[in-house]
Amino acid sequence: MTQGKGTREDGRLADVSAVRPGGHAVVVGGGLAGVTAALALADAGVRVTLLEGRPRLGGLAFSFRRGDLTVDNGQHVYLRCCTAYRWFLDRIGGAELAPVQERLDVPVVDLARPEGRRLGRLRRDALPVPLHLGRSLATYPHLSLAERASVGRAALALKGLDLADPALDTQDFGSWLAAHGQSARAVEALWDLVGVATLNAVAGDASLALAAMVFKTGLLSDPGAADIGWARVPLGELHDRLARKELDSAGVRTEVRTRVTSVRTNDNGGWSVQVPGETLEADAVVLAVPQREAHGLLPQGALDAPENLLEIDTAPILNIHVVYDRKVLAAPFLSALGTPVQWVFDRTEASGLRDGQYLALSQSTAQNEIDASVATLRERYLPELERLLPRARGAEVRDFFVTRERTATFAPAPGVGRLRPGARTKAPGLYLAGAWTATGWPATMESAVRSGVGAAGAALGALGRSRGLLPDFFEEAA
């Protein structure tokens with residue numbers, strides 16, 4: 001059940017040393033969606049080749065070296081309710097490296113309040129929904145008593161929404177919140193605090209369907225659903241090294257630095273996948289690449305409206321990295337109000353830094369700053385960090401750098417739901433995967449993994465293979 005893997009010195013694809021029954025599938029794209037699809041297909045007995053144009057796996061959740069540090073391109077977190085991503089971590093043997101906090105606890109610092117009264121917390125108790133958040137909401141200092149009461153009423157109304165109602169996707173979340181008595185302050189200090197980080201959009205720019213899904217699943221489904229997990233190691237350790245190890249063990253032939261130039265049907269009723277200097281023949285193909293790249297590879301007639309893929313807009317995320325000569329943040333992370341700073345994470349241990357402290361700022365909805373110079377961002381954010389973290393005042397900044405993901409997520413705008421295709425195409429044997437496909441989730445690691453399982457399930461059915469080994473959260477995309 002083993003196969004030859006890796007790229008030969010001449011850049012050509014390595015030969016397969018053993019062929020398993022069950023057909024041959026080619027997965028194009030080595031992000032979380034593609035890796036998931038490849039693992040799921042291989043686990044079901046399909047021979048799989050995974051092709052990735054970059055020199056690594058992991059897609060937009062990766063690491064790189066900067067001097068002695070191993071740096072993530074951006075901070076990624078997940079929630080306990082992210083059952084697909086948690087399955088993925090288990091599947092690659094990385095669950096212990098990205099644990100979930102024992103109980104939701106988010107420090108929220110409001111710089112608009114007087115010093116000494118700036119800290120609030122969003123945390124849960126060991127009570128059933130919705131009482132698990134009752135005490136936290138009742139004592140949340142960043143909202144007035146009336147605003148706290150109105151938030152509770154809006155949460156109950158949100159819980160009553162039917163996520164299967166297509167009309168929700170035509171409305172924006174901000175208008176719905178306003179119609180349910182939410183003040184601008186309540187939106188800023190609570191709804192957007194969560195929504196911007198999960199949706200990469202403010203409430204007024206977000207589909208009600210996606211926002212309702214986030215809040216109903218994360219805050220109103222189970223007491224522990226919103227407990228936060230994040231990697232205590234570089235993302236590359238999980239999404240590249242461990243993932244590649246499991247792909248190898250499953251018999252997947254993994255090829256990096258291998259860009260696909262065309263995907264077309266062949267005379268045998270199968271598929272031909274063209275890469276520089278090689279043609280791979282396959283019984284099934286999974287396109288697990290961004291929507292614009294998928295559009296460029298789709299054969300004619302594969303989708304009724306392929307132009308929809310080009311209408312799925314993207315949204316950026318800016319990540320600011322600061323290395324201090326001393327510890328300036330005591331908590332593992334915090335969120336902020338009254339400042340441009342959104343979320344700050346301590347990445348010291350994960351990066352390998354042995355002296356000082358390394359902080360990563362994750363800035364979603366960064367359309368106005370994504371192209372700002374490093375000098376401009378340094379001038380803007382270092383003073384804000386000193387306002388936010390008193391210990392940073394007078395600390396030496398040893399390094400300041402920026403990473404930019406201009407197309408980090410799809411934009412979750414109203415109407416995006418009708419543009420997101422399912423796993424199946426009209427071309428037999430061709431399937432789609434990616435966080436941008438119709439998973440019902442916003443552009444998250446959870447959505448990516450779910451899409452990979454969905455595409456693998458659809459392909460297994462067409463290949464006549466059992467889907468019995470697919471994880472139990474599996475819901476085949478339409």
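Here are three short exercises on the model above, each with a worked solution.

This is a predicted model, where local features need pLDDT of at least 70, side-chain atom pairs count only at pLDDT 80 or more, and totals for chains, interfaces and linings use all residues. Residues are numbered from 1 along each chain as its sequence is written, and side-chain values use heavy atoms, with hydrogens and water left out.

**Exercise 1.** Work out how the radius of gyration of the protein sits with the globule rule.

*Solution.* Start with the rule: 2.2 Å times the number of residues to the power 0.38, with the radius taken over C-alpha atoms. For 478 residues a compact globule should come out near 23 Å, and the protein has 23 Å, so the two agree. Next, the spans: the C-alpha trace runs about 70 × 50 × 40 Å along its principal axes.

**Exercise 2.** Find what the Asp72–Arg347 salt bridge ties together.

*Solution.* First check the contact, using a side-chain nitrogen of Lys or Arg within 4 Å of a carboxyl oxygen of Asp or Glu. Asp72 and Arg347 pass at 2.9 Å, N to O. Asp72 is in strand S4 and Arg347 in the loop between strand S16 and helix H11, so the bridge ties together parts 275 residues apart in sequence. (Helices, H or I of at least four residues, and strands, E of at least two, are DSSP runs numbered from the N terminus.)

**Exercise 3.** Sort Asp72, Arg347, Lys426 and Asp304 into buried or exposed.

*Solution.* Buried means under 20% relative accessible area, exposed over 50%, partly exposed in between (1.4 Å probe, protein chains only). Asp72 and Arg347 are both buried. Lys426 and Asp304, bridged at 2.8 Å, are both exposed.
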